[in-house]
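Q: Could you take a close look at one part of this model for me? I'd like to hear about the open sheet and the helices that go with it.

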Amino acid sequence: MTTSATDPTEIAFLRQQPVKMLIGGQWVPAASGKTFATINPATGTVLAQVAEGESEDINRAVAAARKAFESGPWPKLTPSQRGRLLWRLAELVEQHTTELAELETLDNGKPIKYSRAADVPLTADHFRYFAGWATKLEGETIPVSIPNMFTYTLREPVGVVGQIIPWNFPLQMASWKLAPALACGNTVVLKPAEQTPLSALRLGELICEAGFPEGVVNIVPGFGETAGAALAAHPDVDKIAFTGSTEVGKKILQASAGNLKRVTLELGGKSPNIIFPDADLKYAVRGALTAIFFNQGQVCTAGSRLFVHKSVYDQVLSGLSDAAQKMKMGPGLDPATDLGPLVSQEQLERVTGYIEAGKQEGAVAITGGKRAGSDLANGYFVEPTVFDKVEDEMTIAREEIFGPVVAALPFESVEEVAARANRSIYGLAAGVWTNDVKQAHKMAALLKSGVVWVNTYNQFDAAAPFGGYKQSGYGREMGHAVLDAYTQIKTVWVNLR
Ligand code: NAI
Ligand code: MG
């Protein structure tokens, strides 16, 4: 890599090698002594060695979380004190914006302009929003029809929560999981993705600095099949919150059966983005571009099925492919980069495999359609790809690609496009571009997905619920909807006679 703005060795956090895990307030190596390498996807070189957690480390972390939940300072903190800790953490995240953004970009590959302007500030925002909820977890008084009974409810934490997160937004995913769990008074064992463990571990240092008592947050990096599976099956874990593939979501659910732990799942998607002919096409094209290419398409809500009304199809497609060709591909640390590398060799192979499948089944890549060469050949770069001549039944129109690849599909009527958009095992998100208010609300009602964006795409806010229909998962994150996932209701009956 020639354009790097930052030498990884300039980041103090990366000078400690191997990077350790956080258990019971201590930074420790793996019980086995094993480490694994995390790779810089822009260059294919090793960024850091990280302690490799396995079932023994998970056991220790769960024991620390259990101890912190049952005794010690955490259960005695007032809601206000819990809120202050979360607020303090938000401030620390903000104060370390540059460092966290660089770590995120080095580990994941994403453009620094986004890690700086979105990933880190939205992470801070998430902690701040949930700091406010700590003091607002109210029960109810219930007017039961039995004389002399005073009946009320308490909203109590679930207990020890296991949280397993993916590599596409490592820091934000950590905050989506940690903030509501902690606001509600739970303790946590967090397992970051093996591709991108660094920012969550640095966040762990900030959690210690903020003053969270030991054992409240434990962070165990490691692989899914070992550390993740051990956490999902652990008999002393009360709940698992998972974001990742639908395939692994099903395994998590099976593993949860042992002790009937609660499970919430945020899984894959194949989201339709629908452009009507009356839309403001300049914005719709730009919206279609960012819907699929933001974060190299590695977004669960990526607008990967682009439905365009027949009458404007050619115009939209040529606008989209022109704009895609103008995107600057390069190492994430280069401030001019629009499109960074994919996260890993595995993801590179998966995405280029889908591109080949698309071509074989008869679709035509009018832009992109291959891995990037020349000075980017060592990294995991794939050109932004727009497929024309796609049929609904083709693999690229049905399966989640999780890369910068969009399948364009012409349509003729509202009813037709709604039915085709809904013909998917997934139901995470959808976009609608139209200036007709009746058509907009009609589509919002017809689409079977957890979120519908009208004349915009990929909007997220800590206050707005997010989650899936169908095999995109269940449970909601963000807003007050997530509080149900991290609390349980106790009903108390008092005989006043
Ligand atoms: P994955 O679902 O395997 O990984 C996500 C997390 O689950 C990681 O922390 C991983 O270590 C953990 N994990 C893996 N196997 C596990 C197991 N048996 N038990 C417990 N935890 C386990 O996703 P992967 O392999 O990285 O990507 C595969 C595909 O999944 C992607 O191409 C994409 O289609 C989809 N995906 C969707 C995401 C989303 O945000 N909805 C995020 C990441 C991947
Ligand atoms: Mg996997």
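What follows is a walk through the sheet, then one more helix and a few backbone oddities.

A: Sure, and keep in mind that this is a predicted model. The sheet is an open one built from 7 strands, and going across you meet them in the order β14-β15-β16-β13-β12-β18-β19. The pairing is mixed. At the edges you find β14 and β19 (451–454). Each of these has a single partner strand, so one side of each is left without a neighbour in the sheet. As for twist, neighbouring strands are turned by 25 degrees against each other on average, ignoring direction.

Zoom in on the β14 end: β14 and β15 run antiparallel to each other, paired over 3 bridges. If you want a register marker there, V364 sits opposite D388 in β15.

Now for the helices. α9 (residues 281–293) packs on the sheet and touches β12 (272–275), β13 (305–309), β15, β16 (405–411) and β18 (429–433). The direction of α9 makes about 170 degrees with that of β12. Then there's α13 (residues 414–422), lying across β12, β13 and β16. Its angle to β16 is about 150 degrees.

The loop between β14 (364–367) and β15 (385–388) is worth a stop too, as S374 is placed there. S374 has a positive phi, near 40 degrees, and isn't a glycine. For background, most residues other than glycine have a negative phi. S374 is also exposed, at 68% relative accessibility.

Another positive phi turns up at N148, near 65 degrees. N148 belongs to the loop between β5 (141–142) and β6 (149–157), and with a relative accessible area of 40% this residue counts as partly exposed. While we're on backbone geometry, the peptide bond from Q17 to P18 is cis, with omega near -5 degrees. P18 falls in the segment before β1 (21–23).

One more helix to look at is α8 (residues 246–256), whose buried residues are T246, G249, I252 and S256. Viewed down the axis of α8, these fall within an arc of 105 degrees, so they line one face of the helix. That fits the general geometry: an α-helix has 3.6 residues a turn, so residues three or four places apart point the same way. E247 and Q254 are exposed on the other side of α8. The cover over the buried residues of α8 includes β7 (160–164), α7 (224–233), β10 (239–243), β11 (262–266) and β17 (426–427).

Technical notes
Residues numbered from 1 in each chain as written. Chains lettered and ligands numbered in written order. Predicted model: local features only at pLDDT ≥ 70, side-chain atom pairs only at ≥ 80, totals over all residues. Heavy atoms only, no water. Helix = DSSP H or I, 4+ residues; strand = E, 2+ residues; numbered from the N terminus. Buried < 20%, exposed > 50% of the residue type's maximum accessible area, 1.4 Å probe, protein only. Arc of directions from axis to C-beta. Contact = heavy atoms within 4.5 Å. Pairing = 2+ DSSP bridges. Axes fitted to C-alpha atoms, helices over the stretch in contact; angles between N-to-C directions.
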